[in-house]
There are 2 protein chains.
Amino acid sequence: MASIDTVLQKIDENRAAALARLFDLIRIKSISTDPAYAEECARAADWLAKELTGLGFTASVRATAGRPMVVGHAKAARRDAPHVLFYGHYDVQPVDPLDLWKSDPFDPQLVDAADGQKIVARGAADDKGQLMTFVEACRAFHETGGLPCDVTVFFEGEEETGSPSLPQFLADNRSELSRDIALVCDTNMWNKATPAITTMLRGLVLEEVVIRAASRDLHSGMYGGPARNPIHVLAKIIADLHDDKGRVKLPGFYDGVTELPEEIAEQWRNLDFDADAFLKEVGLSLPAGEEDRSVLEQIWSRPTCDVNGIVGGYTGQGSKTVLPAQASAKFSFRLVGKQNPQAVQDAFRAFVRAHLPEDCRAEFHSHGASPALQLPFGSEALARARRALTAEWGKDCVLNASGGSIPVVGLFKRELKMDSLMIGFGLDDDRIHSPNEKYELSSFQKGARSWARILNALAE
Amino acid sequence: MASIDTVLQKIDENRAAALARLFDLIRIKSISTDPAYAEECARAADWLAKELTGLGFTASVRATAGRPMVVGHAKAARRDAPHVLFYGHYDVQPVDPLDLWKSDPFDPQLVDAADGQKIVARGAADDKGQLMTFVEACRAFHETGGLPCDVTVFFEGEEETGSPSLPQFLADNRSELSRDIALVCDTNMWNKATPAITTMLRGLVLEEVVIRAASRDLHSGMYGGPARNPIHVLAKIIADLHDDKGRVKLPGFYDGVTELPEEIAEQWRNLDFDADAFLKEVGLSLPAGEEDRSVLEQIWSRPTCDVNGIVGGYTGQGSKTVLPAQASAKFSFRLVGKQNPQAVQDAFRAFVRAHLPEDCRAEFHSHGASPALQLPFGSEALARARRALTAEWGKDCVLNASGGSIPVVGLFKRELKMDSLMIGFGLDDDRIHSPNEKYELSSFQKGARSWARILNALAE
């Protein structure tokens, strides 16, 4: 097996050809949301399978009820190497509104800018540019003596439509896809110069509550006073869910919430994150969450309870003197650490029931529940990937988190019992899903080098 | 002038003809909500003006932008008699759904029942039957020596459409319509055997509040924690508006709320009102208002605060992880006694502003404000009308109240500075606005006798 320097040099030599290959992939209009582009999606899958085959993979396109999957396997040059699964998606978002694009979204352009060249096109970042960083790393290994790890590549074509075929496909192909660790390339760097690994994703419990009182809407002149108002009951429940320090008051809610290792906490404190600017951009000035936590902690590592929607009574123009028979609200709980979604749901429902006055009933609907996903901070794979990224970029790799969810990571955990390293080279300003999507050329080139270093480090 | 017994005897002699006249009026399809019936409304107005003319009134039909008004004046047999204004409305509700009627709604039927005969038709009670009780009383006076009071009769044809022409008409005809007292005949008896005068109407302050936080809707994964949630802010405001004894917590809210005279309070306590049945009929079992007040007090003589509608965030099917930029609610305050609507509005807005955390703004919309209307319990006219009704029905006349509003009474007070005696002979089960509307024959016959006694008593 070649030294890592040889592999990196090969990647650099391949730069122009690599960019041409990415452009070829981008030109395929693999929009998954519009059935009119189903054929283009199939073309993209074929293109990728052929690429992988050319790099020594045993690759195939697998039909699903929707867009096809691509799966490829390649062995390491040596025996007993670790076996990684790489995940990316070849489907892209629609391009509307087309008139806001400065160039044809499917005719990729390399655009000069003061801070470096950018690849502009639909899918340049999300996720064709990202996934091709890994393919190019594999190519360099292939051309210099072989892969350091056993590699399974898994490309999906329905990520932008909510991955309807994915759970069944994973369930049907568990033994083929369940590897030592997953490498998921669909996230961002901390900034243009600083790599990041996303190690925590908050979980989610989605609950809807309908509070009912009278058997029908009542006239507030005739019944106002004695009639129980379900909007008031619901408001009291919502008001009582937080204390005046921003903490959630559900009994047992913080069970399983873990504190950050001091090293991570210190890294977060030292990040050049401008909380004021973050809030100001959306018209806010003061964080509203737990008052003893920083904004980054509030988003990344602390659980929340929010009402996402509420409705009851008359909501049209003007007024109506109605006492409604019911009122309802949708609640979401973001979970962290080892919080148990079932326990949170149970605690919430018990809390609501305990708040119901005479003559009120509560009806509950669950809209989903998933635990937080946390890669153990002590994970050896994490430490190796982090060192590899730090070496490539010359900046300490940030171990960040995501306040939202990345469904495929949860599916890998649930269906394949596999942890994921979420590593990507996108930037917050890449305009994914929007006109003039771009990917930094440096992300593409150094992304490929990063994967080479990571695969090498994982195999050491 | 004839004795009251002579007048009452004349009313009894006229019974059959009086019913035939009411049936003639009912047959005119004076539906005010549907322009297709404008001609029928005009016919009803003409019919009434002609009736009044036949009874010695100087009567005329007055055009408005909508349906015409009818105004008639008649002098008392003696000088210096009090001058009353009688109000009723000749327009009726639409008849849909027609297939639920057991007979043609405009072909009045006298239907036998175990508890007495009923007149069944659209408008039988609301308000043709009611207003004709007064016309028949006037006829009996006319046929027996003249009226005891100066009488102005005022019939409206737009009550069922919210009286759009009424305020201007009153303003334009103040000196002609402003009399010593108004007799408004559009309310109910306490029960089939017990007369009632409605002496109190609750006032109303209608406020809408929009709470805004972030400049746009936010993703709860990316912002959940630090982002202020306006639904939570609104819920806290609503929750804080009442204490745990059901009292409204707005500072100064109870200023001007007067206690009932003990005589009235005792009458209410002794009424055969089944609070349990009243609540049970709408699926409730316990009154939710001020805990030291009876249900009748809560509806009739105590002020309230209710949210009539609330909306914010996502309210469709399923879930959406959104932190909304705004949430809004519609509030209504029912006022009693001398509560000042402006002071209540001011206190409410100050209360909301005092509850706003950092980064939140409140926008207010008023949807109307009107004070409570209360006929002074010491009023001489009230005492005389009450004695007259008690004499006719042989049961102590109830001085009740209405939790809702009767707009014409407020307009008479504001535009004409005139108090109203609200006296009517309807029953709660008259099905006004519904199929098979009915009016008790006893209400029609004894109603006419009641008015004769009342006019006589007011003139004494």
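Chain A puts 66 residues into its contact with chain B, and chain B puts in 66 residues too. Keep in mind that this is a predicted model. All of the interface residues of chain A, 100%, are interface residues in chain B as well, so the copies meet through the same surface.

**What chain A brings to the contact**
- The side of chain A that touches chain B draws at least two residues from each of several elements, including α8 (230-240), β13 (326-335) and β14 (361-370).
- β11(A) gives the largest share of that side, with nine residues.
- Sorted by class, the side of chain A that touches chain B holds 29 polar, 26 nonpolar and eleven charged residues.

**Strand pairing across the chains**
- β11(A) runs antiparallel to β11 (residues 304-313) of chain B, and five bridges join the two.
- Within that pairing, Ile310(A) sits opposite Gly312(B).

**How the copies are related**
- A turn of 180° with a shift of 0.0 Å along the axis lays chain A on chain B, and the RMSD is 0.1 Å.
- The two copies are thus related as by a two-fold rotation axis.

**A three-stranded sheet in chain A**
- The open sheet follows the order β4-β5-β18 (chain A), with antiparallel pairing.
- β4 (109-111) and β18 (438-440) of chain A are the edge strands; each has a single partner strand, so one side of each has no neighbour in the sheet.
- On average, neighbouring strands of this sheet are turned by 30° against each other, ignoring direction.
- Three bridges link β5 (residues 118-120) of chain A to β18(A), and Ile119(A) has Tyr439(A) as its bridge partner there.
- Helix α15 (residues 441-459) of chain A lies across β4, β5 and β18 of chain A, at about 55° to β18(A).

Technical notes:
Residues numbered from 1 in each chain as written. Chains lettered and ligands numbered in written order. Predicted model: local features only at pLDDT ≥ 70, side-chain atom pairs only at ≥ 80, totals over all residues. Least-squares fit on C-alpha atoms with pLDDT ≥ 70 in both. Contact = placed C-beta atoms within 7 Å. Pairing = 2+ DSSP bridges. Helix = DSSP H or I, 4+ residues; strand = E, 2+ residues; numbered from the N terminus. Axes fitted to C-alpha atoms, helices over the stretch in contact; angles between N-to-C directions. Nonpolar A, V, L, I, M, F, W, Y, C, P; charged D, E, K, R; others polar.
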